[in-house]
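Look at the model below before reading on. The text then goes through it step by step.

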Amino acid sequence: MNIKRIFTLLGKELLHGPRGFILTMTIAAPLLITLVVNLALGDLFTSTAKLGVYDEGQSQLVSLLENAAQVRLLQYQSPDTLRDAVSRGATDYGIVLPPDFDSSLESGQKVALTVYVWGESLAKDRTIITATLLELTNQISSQTEPIILESVTLGDQKSVPWSQRLMPLTVMMAVFFGGLMIPAASLIDEKQKRTLQALAVTPASLPDIFIAKGMMGAILSIAMGVIILLINQAWGESPLLLFGMVVLGAILAAEIGLVLGTLINEINTLFAVWKFGGLVLFGPAILYMFPELPQWLNYIFPTYYVTGPIMDISLGTQGSQTLLQAGVAIFIVFVLAVLLSRLINRLSGEVPQHSLKEAETVS
Amino acid sequence: MKQDAIVVENLSYHYGKILAVDNISFHVGKQEILGFLGPNGAGKSTTVKILTGQLRLQEGRVSLLGMDISKELEKVQARIGVCFEQPNLYEQMTALENLQLFARLFNIKNFDGYALLKKVGLDGREKDRVANYSKGMKQRLMVARAFVNQAEILFLDEPTSGLDPVSADSIRNLILQERERGATIFLTTHDMWEADKLCNRVAFLNQGKIAALDTPHTLKQQYGQRSLLVEISHDGQLEERIITLDKSETPDKVRELLSHEKVVTVHSQEATLEDIFLKVTGRRLTV
Amino acid sequence: MNARLILTLIKKDLTLFSRNQFYFVMTIVGLVLYIALYFVMPQTLDENIKLGVYTPGIQTGSSLAGIQGVEVQPFTSLDELKDAVKKNEYPVGIALPEDLLNKIATGEQAVVTVYYSASTPDEMKGAINALINQMAYFITGQDIPLVMQTEILGPDLLGTQIPWRDRLVPMMAVLILGTEILSLASLISTEIEQDTVRALLVTPLKLRHLLSAKALLGIGLAFIQVVLFMTVIGGLTHEPATMILGLFVGSILVTGLGFLIASMAHDSMGVTSWGMILFIVFFIPAIGGMVPGILSDWAKVIPSYYLIDFVSRLSNYGATFSELSGNLMIMLGWSAVFGVTGTLALRRRYR
């Protein structure tokens with residue numbers, strides 16, 4: 001293994017390699033993944049009901065609703081657009097506030113409110129919105145609340161919004177996505193074009209080549225992870241630790257990519273592996289999003305031992321469990337490294353030492 | 001009068017601003033082997049690609065077997081066979097499967113792939129995947145594939161490239177057999193000896209133009225210089241003397257040598273096509 | 001169009017696929033995993049908030065338990081309640097004072113203690129506060145100043161919500177089809193890379209035969225996989241012919257996209273990078289299938305939107321062929337655009 005040759009090969013990969021591919025993976029993919037996650041996954045799991053309002057009379061209800069954490073307020077420009085939004089499910093409820101809403105309430109009159117309800121709105125969301133509207137309209141009409149609520153927080157975990165919870169998962173998805181595909185596709189491409197053989201007969205050894213490809217995958221996937229964290233400003237309280245785990249995840253991803261690239265000889269097979277491999281890689285993310293699923297399944301996914309610590313560090317709840325998981329991840333990295341070295345030996349036709357000894361014994 | 005198998009008139013081709021083929025014209029008679037010789041970048045491959053329909057005709061006229069390729073390309077391609085310079089086989093298929101595929105494309109009934117593979121010296125390896133073939137074996141399979149449809153015109157691009165002398169010789173014999181069968185052969189090669197041995201006529205292509213086109217014998221006559229290579233023994237050492245033939249002073253020089261020196265051997269020498277190419281174009285055919 | 005030539009090529013490609021046992025195994029394993037994921041996901045959607053309640057001497061049946069969307073678990077001791085909240089078994093625990101009703105009757109304000117787990121989001125706290133206040137208004141008989149004239153838009157699924165696994169079906173179908181974009185693109189680009197396309201094009205086979213063979217194979221592979229998936233998970237129970245037609249058109253759509261990628265890419269790395277980007281874009285509308293209303297109209301620019309919408313409305317909302325025929329036409333239109341663009345680009349490369 002020669003460090004200088006490794007960096008020469010790495011330079012070749014980065015500067016003269018498939019630039020389009022590299023640019024895609026480091027710029028386009030992180031942006032798109034961030035878009036996808038910000039678009040939907042936060043909304044998917046938040047418990048905030050959505051209330052659309054068309055206000056004809058600048059009611060104070062609107063500002064009260066804006067400050068109500070249990071409801072997400074969406075304002076519309078006309079009853080038709082409001083109704084359309086409700087029918088599409090863009091909002092759970094839609095209310096049309098008449099011009100005299102506040103004055104009627106303040107004078108003790110009952111107000112008729114047009115309410116559109118999305119048919120797929122969950123029961124709890126309907127209840128929350130109704131209860132919130134009642135509570136706030138009582139405030140406007142200055143009715144005295146019959147009870148005083150005393151809130152007590154138990155336990156020492158932190159309450160973290162869903163978007164922040166999901167960001168580490170997003171980062172890991174991006175890191176594994178790029179870190180795995182880049183070395184795998186690159187190796188398969190070299191094998192198909194037979195340039196791997198051409199490289200292997202130079203002073204650069206196969207280990208040098210593999211390390212260079214793995215480094216390219218790891219560097220690009222770390223870049224992807226960092227870009228996503230920067231775009232979303234999601235470093236949390238321990239950015240260095242988080243970065244460390246991203247690096248560990250990138251190395252793990254690169255190793256898996258190299259193993260796949262060694263075993264697979266043509267690109268179609270890589271895509272077939274990706275089809276089911278995606279599920280395996282992102283299994284921990286799916287289990288996290290659906291806690292009703294048996295959580296012990298996490299232990300069978302190698303990515304769990306990276307995503308788990310990442311979640312803990314980003315939520316500020318790292319502890320001994322985190323250390324253990326990270327330790328397992330490091331162990332997996334080591335095991336994969338050993339597997340890779342054996343695969344490389346097989347690829348180059350070298351006879352392993354123990355086989356030589358067996359041959360001597362037999363003869 | 002026999003119709004020519006290949007007629008090319010005023011053929012030109014541009015790659016953007018680069019003129020690869022510059023207004024060439026030639027014809028190839030039926031059952032003739034025409035050798036197309038030239039250095040890399042001379043325009044040989046471009047010419048072959050146009051004739052076989054891989055490139056669209058830009059300027060000029062090309063007629064194969066009496067059919068205009070710009071109008072009847074499909075009919076033409078059903079009656080030609082092509083052996084490419086670089087192997088482009090289905091590596092995950094066996095040799096037999098590769099040939100059977102092309103036989104089906106040509107709609108050949110009762111195709112005997114075993115016989116064809118035996119012909120090119122690949123018997124016993126029919127069911128091996130091409131990925132496990134050596135370079136020479138792949139080249140032989142490429143030649144076999146060109147023979148699948150018993151084509152009336154064969155375009156062979158460096159057919160013996162990468163082959164050992166014995167295999168190369170067997171391929172050359174096959175080429176001659178194909179001619180005996182009635183095929184017309186358009187051969188591109190760098191091997192001067194092969195061109196000399198196989199071709200009825202050779203064309204020298206240089207920078208997109210045909211610099212010379214004639215039988216090897218005529219070219220040598222026209223451009224070559226015959227000579228005698230005489231080995232003499234002088235003070236116990238063998239020395240060579242060269243006497244140019246066909247000159248007025250030739251008889252005197254021969255008489256003088258025979259009279260005054262101890263002659264060991266006498267051989268007549270002809271100019272090679274390589275020498276002629278150099279003379280005609282000012283360039284070496286091979287570096 | 002020469003069927004014999006096209007069939008010859010399809011047979012050749014199937015032979016090559018069959019040589020690649022790893023590919024077959026991976027494809028089957030992938031399908032099995034998707035099916036397993038479907039069956040592992042919960043069959044019902046829980047639309048209730050879970051509350052732990054400690055109400056010494058007070059029946060909660062007429063107050064909290066009767067509220068729609070609330071699932072109440074009574075506790076017999078305050079410590080048990082607090083313990084359950086601390087362990088996150090219940091995000092919220094409510095302790096009603098014994099003298100609540102007396103105080104309300106005398107017009108005094110009673111103190112209700114609400115226990116939250118530290119990890120409970122703020123929006124949940126606000127919701128619980130509003131609920132408890134609503135309960136208090138009901139108990140005290142206070143006049144509600146609002147008269148809500150409610151109109152339900154769309155089918156009312158209260159109590160019969162579409163479970164997550166069924167919402168995920170369009171997404172999984174798109175994932176299965178989407179991966180085939182890459183496979184088809186590489187089917188074409190591999191022939192180009194290995195230069196076998198030149199050997200084919202000097203025979204009676206023409207580019208149109210080659211592309212037709214690839215298209216048929218691509219459509220077939222995508223279609224078979226997605227239909228198999230839908231059959232096993234029971235996705236063909238409502239209007240099976242319409243669903244199969246939609247999936248077939250979806251297979252044509254991904255094939256067209258594969259052509260486009262093959263024309264843009266010069267090698268397998270190019271296929272991978274272009275394919276990954278288009279795959280992610282293709283996937284975006286699947287989010288709309290999971291979270292209705294989340295996507296604005298701009299998502300309709302993405303062709304897969306119509307496929308997702310088709311599968312979602314057919315399998316989850318009982319739509320009919322006539323309601324979905326527009327989607328089919330749009331998908332076919334996009335397929336034509338991709339296919340023609342890709343074909344023209346490939347034709348330029350090869351005459």
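The paragraphs that follow deal with the chains, then with one chain and its strands, and last with confidence.

This is a predicted model. Start with how the chains meet. Two pairs of chains touch, and of these the pair with the most contacts is A and C. Chains A and B, by contrast, are joined by no contact; the closest C-alpha atoms of chain A and chain B are 11 Å apart.

Now turn to chain C. Its secondary structure consists of twelve helices and five strands. For 351 residues the globule rule gives a radius of gyration of 20 Å, but chain C has 29 Å, which is well over that value, so chain C is more spread out than a compact globule. The extents along the principal axes can be read beside this: the C-alpha trace of chain C spans about 100 × 40 × 30 Å.

The division into domains adds to the picture. Domain 1 of chain C is made of two segments, 3–42 and 162–349, while domain 2 of chain C covers 49–140. Taken over C-alpha atoms, the centres of domain 1 and domain 2 of chain C are 52 Å apart.

How much of chain C is buried? Buried residues account for 49% of the 351 residues in the chain. Contacts can also be sorted by how far apart the partners are in the sequence. Of the contacts in chain C between residues at least 6 apart in sequence, 69% join residues that are at least 24 apart.

Strand 1 of chain C, residues 49–54, serves as a detailed example. Why is this strand described as largely enclosed by the rest of the structure? Five of its six residues are buried, and therefore strand 1 of chain C is largely enclosed.

Which strands does strand 1 of chain C pair with? One is strand 2 of chain C (residues 70–74), with five bridges in the parallel sense. Within this pairing, Lys50(C) has Glu71(C) of strand 2 as its bridge partner. Another is strand 3 of chain C (residues 92–95), also in the parallel sense, over four bridges. Here Leu51(C) stands opposite Val92(C) of strand 3. In a regular strand, side chains alternate between the two faces of the sheet.

Finally, consider confidence, for which chain A is the example. The average pLDDT of chain A is 79, and 80% of its residues score at least 70. Over residues 350–363 of chain A, however, the pLDDT is below 50. Beyond near neighbours in sequence, this stretch of chain A has three contacts in the model. Where pLDDT is low, predicted coordinates should not be read in detail.

Definitions and conventions:
Residues are numbered from 1 along each chain as its sequence is written. Chains are lettered from A and ligands numbered from 1 in the order in which they are written. Helices (H or I, at least four residues) and strands (E, at least two) are DSSP runs, numbered from the N terminus. The radius of gyration is taken over C-alpha atoms; the globule rule is 2.2 Å times the number of residues to the power 0.38. A residue is buried if 20 or more other C-beta atoms lie within 10 Å of its own, exposed if 12 or fewer, and partly exposed in between; C-beta atoms are placed from the backbone. Two residues are in contact if their C-beta atoms, placed from the backbone, lie within 7 Å. Domain bounds come from an automatic or database domain assignment. Two strands pair if DSSP finds at least two bridges between them. pLDDT is the predictor's confidence in each residue, from 0 to 100.
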